[in-house]
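Here's a quick walk through one protein–DNA model, with a stop at the DNA contacts and another at some helix packing. Have the viewer open as you read.

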Amino acid sequence: MPELPEVETIKRNLHQAIAGQKIKNVEVLTEKMIVFGLAKALLIKKADKKRTELFVKSIIGNVVASVERRGKFLIIKFKNGSALFIHLRMSGQLIFLEKNKLSSPLFLSIAKTAKPQLLPIKHTHVVFSFSDGSKLFYNDVRKFGHVRYVSEGDIEVFLETENLGPEPLDLDSRSFKNILEKYPKRAIKAILLDQNAIAGIGNIYADESLFAAKIHPARTAEKLKPAEIELLHTEIKKILNRAIKLGGSSLEYYLKTNGASGSFVKEHQVYGKSGKPCPRCGTILRSMNVAGRTSTYCPNCQK
DNA sequence: CTTGCGACCTGTTGGC
DNA sequence: TGCCAACAGGTCGCAA
């Protein structure tokens, strides 16, 4: 789900809410969502009581120093130097409720048809309680995500093994070009989605950026002209910044930590709009599979 | 090196 | 109305 703008939105809201707060309690409702230390976040995750105990014990009593982001990872850093790395994958959701909102019927109800929706208790897997009585809920319908505890000494090691590419918003155009030159034979969309090449872009923002730059998603990196690379680079930044400003794209499950929707969906030009007319030239938008993902594009204006 | 596909999960949607 | 395949903001491991 959440790509860079969504995780960045969560980061900013959560930092406001929990920086300086002490964790009073942690409830793990679904043990397999927990990862401890440098263990791999395996696809086939298993519940493990010992691991859960270690996780809970390590976290209780910690004071939040800051909330940060690297790629699509949300990082909650504690004052003692340890941290939580949370990855929301497709359907993860972080909802923060003040003490007086905890019985909010909004949170407990199932919004049947209205999308996006707050997830019912059924899909809550981890609950953090803070000293002022507020709580942070980790919800995830599909259970692809995870919450990882990393101790002080292992944070650097963990980031190294992840080997994430640079942050797109910190990138100058020369470095962006250098990245593409590393993968001359790959489809441009595959590179944009590759977290080891650039960290944070996912299916929505890849499609939207390629449309804005008038580049076909299956074009190979070596076939892009310098001017196209330049344009793509500026459009990526423009789109990510605009999306952050609007609180991200709420489609199905992503919501801001206060339960409100991000409104960037209204500005989507092509994502999820296959079969509709291109907003630029009116040609019917098509979709095809690139790098294993559905890619929507305009067959007329994306060359 | 590269792509492609199945897995991991649960829920919603669209076609018949 | 009911059923069932296809699909969904991600990523990994393995085959070819």
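## Lysines on the phosphates

Start with K143: an N or O atom in the side chain of K143 sits 2.5 Å from a phosphate oxygen of DNA strand B. Bear in mind that this is a predicted model, so treat the distance as computed, like every other value here.

Two more lysines do a similar thing. K32 places a polar side-chain atom 2.4 Å from a phosphate oxygen of DNA strand B. For K122, the gap between a polar side-chain atom and a phosphate oxygen of that strand comes out at 2.7 Å.

## The wider DNA surface

Zoom out a bit, and DNA strand B has 14 residues around it. The closest are K32, K122, H123, R142 and K143, so the three lysines above are joined there by a histidine and an arginine. Which parts of the strand do the touching? Of the atoms of DNA strand B that come within 4 Å of the protein, 72% belong to sugar and phosphate.

What is the mix of residue classes on this surface? The residues near DNA strand B split into 7 nonpolar, 6 charged and 1 polar.

## α1 against α8

Now over to the helices. Helix α1 covers residues 4–18 and helix α8 covers residues 226–245; their axes come within 9 Å and cross at roughly 40°. That angle makes α1 oblique to α8, and the crossing is right-handed.

On the α1 side, the contact is made by L4, P5, E8, T9 and R12. They meet L240, A243 and I244 of α8. Sorted by class, this contact holds 5 nonpolar, 2 charged and 1 polar residues.

## α5 against α8

Helix α8 also packs against helix α5, which spans residues 173–182. Here the axes come within 10 Å and cross at roughly 115°. How are α5 and α8 oriented, then: roughly parallel or roughly perpendicular? With that crossing angle, the two helices are roughly perpendicular to each other. The crossing of α5 past α8 is right-handed.

From α5, the residues in play are S173, F176, K177 and L180. Facing them in α8 are P226, I229, E230, L232, H233 and I236. By class, the contact of α5 with α8 comes to 6 nonpolar, 2 polar and 2 charged residues.

Notes:
Residues numbered from 1 in each chain as written. Chains lettered and ligands numbered in written order. Predicted model: local features only at pLDDT ≥ 70, side-chain atom pairs only at ≥ 80, totals over all residues. Heavy atoms only, no water. Near = heavy atom within 4 Å. Polar contact = N/O pair within 3.5 Å; in protein donor to acceptor, adjacent residues only side chain to side chain. Nonpolar A, V, L, I, M, F, W, Y, C, P; charged D, E, K, R; others polar. Axes fitted to C-alpha atoms, helices over the stretch in contact; angles between N-to-C directions. Helix = DSSP H or I, 4+ residues; strand = E, 2+ residues; numbered from the N terminus. Parallel < 35°, antiparallel > 145°, perpendicular 65-115°, else oblique. Left-handed = near helix turned anticlockwise from the far one by under 90°. Contact = heavy atoms within 4.5 Å.
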